[in-house]
Amino acid sequence: MKIKILGSGTSTGVPEVGCTCPVCTSKDVRDSRLRTSAWICEDDTRILLDCGPDFRQQMLRLHDFHRINGVLITHEHYDHVGGLDDLRPFCRFGEIPLYAEAYTAEDLRKRLPYCLVEHVYPGVPRIYLKEIKPGCPFFIGKVEVFPFRVMHGRLPILGYRIGGKLGYITDMLTMPDESYNCLQGIDVLIMNALRIQPHPTHQCISEAIRTAERIGARETYLIHMSHHVGLHAEIGHMLPSNIHFAYDGLELETVT
Ligand SMILES: [Zn+2]
Ligand SMILES: [Zn+2]
């Protein structure tokens with residue numbers, strides 16, 4: 001299974017508008033982070049993980065204009081769903097299901113009534129909701145997806161185990177013991193780490209290292225970073241050898 005990091009930045013993106021810090025003014029492309037999202041490809045099944053406000057730009061960079069078999073939504077915050085309307089060009093290949101849990105689906109219906117109510121008018125993206133529950137696996141094409149619970153501060157949101165070997169978690173502060181059990185035996189973990197200092201709703205780097213070591217994937221890649229993590233070229237030493245800061249455009253592959 002092939003994975004591409006489409007965006008590795010926190011909700012503001014990096015650079016932050018108006019910021020003149022060394023990260024926001026860095027010339028290193030790895031210091032520019034679009035809002036967090038990832039692309040998964042297994043044979044001819046393509047899965048999008050979240051669809052944030054940078055989705056259009058991410059697709060212009062990706063050059064993979066084919067059917068999207070499903071969009072896995074982690075939660076309803078704008079930086080994870082703000083690009084859903086831009087799925088429109090991909091609807092020429094067929095309708096696109098959005099997988100989300102019930103409360104998130106309800107929020108999206110309110111936010112995008114013109115494409116998610118029953119009688120849509122012509123020209124809107126042909127997308128529809130499929131409600132899912134943590135602990136209840138399903139398939140997108142031939143790829144098995146297992147949603148599990150993680151906590152974004154006090155907000156319950158979803159992480160996903162995909163194709164058996166990939167774990168994907170964003171915007172998490174903590175997760176229950178049973179979710180650790182769900183991740184046993186994964187090969188690659190993609191997981192959030194916001195900054196060095198602790199935060200009330202996101203893991204900081206030291207918390208992410210502890211979580212990654214407990215999960216024990218072969219390789220872990222950190223996403224959803226802010227400009228406070230520092231320059232990509234200078235921060236790698238903070239991490240154990242099998243944990244890495246991801247960057248936009250990074251390509252990964254799970255070993256089966
Ligand atoms: Zn977020
Ligand atoms: Zn900055």
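How many of the residues of strand E3 are buried? In this predicted model, the strand is mostly covered, with 5 of its 5 residues buried. The burial involves both faces of E3: Thr 45, Ile 47 and Leu 49 are buried on one side, and Arg 46 and Leu 48 are buried on the other. The pairing of E3 with its neighbours was examined next. Strands E2 and E3 run antiparallel and are joined by 5 bridges. Within this pairing, Glu 42 has Thr 45 of E3 as its bridge partner. The hairpin formed by E2 and E3 has 2 residues between the strands, and Asp 43 in this hairpin adopts a positive phi near 50 degrees. E3 also pairs with strand E4 (residues 70-72), here in the parallel sense and over 3 bridges. In this second pairing, Leu 49 stands opposite Leu 72 of E4.

Strand E3 also takes part in the packing of helix H1. In this helix, which spans residues 55-62, the residues Phe 55, Gln 58, Met 59 and Leu 62 are buried. These residues cover an arc of only 100 degrees around the axis, and they therefore lie on the same side of H1. A general property of helices is consistent with such a pattern. An α-helix has 3.6 residues a turn, so residues three or four places apart point the same way. On the other side of H1, Arg 56 and Leu 60 are exposed. The buried residues of H1 pack against three strands, namely E1 (2-7), E2 (37-42) and E3 (45-49). After H1 comes His 63, which has a positive phi near 50 degrees.

A second helix, H3 (residues 102-111), was analysed in the same way. Thr 104, Ala 105 and Leu 108 are buried in this helix. Viewed down the axis of H3, the buried residues fall within an arc of 100 degrees, so they line one face of the helix. The elements covering these buried residues include helix H2 (78-81), strand E5 (96-100), helix H4 (113-116) and strand E6 (127-131).

Helix H3 also carries charged residues that engage in salt bridges. Arg 109 and Glu 106 meet through their side chains in a salt bridge, with an N to O distance of 3.0 Å. The two residues are 3 positions apart in helix H3, and about one helical turn therefore separates them. Arg 109 is partly exposed at 26% relative accessibility, and Glu 106 is partly exposed with a relative accessible area of 38%.

Across the whole structure, 11 salt bridges were found. One of them links Arg 149 to Glu 101, with the closest N and O atoms 2.8 Å apart. Arg 149 belongs to strand E8 (residues 143-152), whereas Glu 101 is located in the loop between E5 and H3, so this pair ties together parts that are 48 residues apart in sequence. Glu 101 is buried, at 8% relative accessibility. A further salt bridge is formed by Asp 177 and Arg 214, whose closest N and O atoms are 3.0 Å apart. Asp 177 lies in helix H5 (residues 177-182) and Arg 214 in helix H6 (residues 205-215), so this contact ties together parts that are 37 residues apart in sequence. Asp 177 is partly exposed, with a relative accessible area of 48%. In addition, Glu 106, Arg 109 and Glu 131 are joined into one network by salt bridges that share partners.

The model also contains zinc sites. The zinc ion (ligand 1) has as its protein donors Asp 79 (OD), His 80 (NE2), Asp 171 (OD) and His 224 (NE2), which lie 2.1 to 2.2 Å from the ion. Along the chain, these donors follow the spacing D-H-x90-D-x52-H. The angles among the 4 donor atoms range from 91 to 162 degrees, and the site is irregular. Asp 79 is buried, with a relative accessible area of 8%, and His 80 is buried at 0%.

The zinc ion (ligand 2) is coordinated at 2.0 to 2.3 Å by Cys 19 (SG), Cys 21 (SG), Cys 24 (SG) and His 227 (ND1). The spacing of these donor residues in sequence is C-x1-C-x2-C-x202-H. The arrangement around the zinc ion (ligand 2) is tetrahedral because its 4 donor atoms subtend angles of 104 to 113 degrees. For four tetrahedral donors, the ideal angle at a metal is 109.5 degrees. Cys 19 is partly exposed, with a relative accessible area of 23%.

Note on methods. Residues are numbered from 1 along each chain as its sequence is written. Chains are lettered from A and ligands numbered from 1 in the order in which they are written. This is a predicted model: local features need pLDDT of at least 70, side-chain atom pairs count only at pLDDT 80 or more; totals for chains, interfaces and linings use all residues. Side-chain values use heavy atoms; hydrogens and water are left out. Donors are N, O and S atoms within 2.8 Å of the metal (3.2 Å for Na, K and Ca); water is not among the atoms, so sites may look incomplete. Four donors count as tetrahedral if all angles lie between 85 and 135 degrees; four count as square planar and six as octahedral if opposite donors are over 155 degrees apart and all others between 65 and 115; anything else is irregular. Buried means under 20% relative accessible area, exposed over 50%, partly exposed in between (1.4 Å probe, protein chains only). Helices (H or I, at least four residues) and strands (E, at least two) are DSSP runs, numbered from the N terminus. The arc is that of the directions from the helix axis to the C-beta atoms. Contact means heavy atoms within 4.5 Å. A salt bridge is a side-chain nitrogen of Lys or Arg within 4 Å of a carboxyl oxygen of Asp or Glu. Two strands pair if DSSP finds at least two bridges between them.
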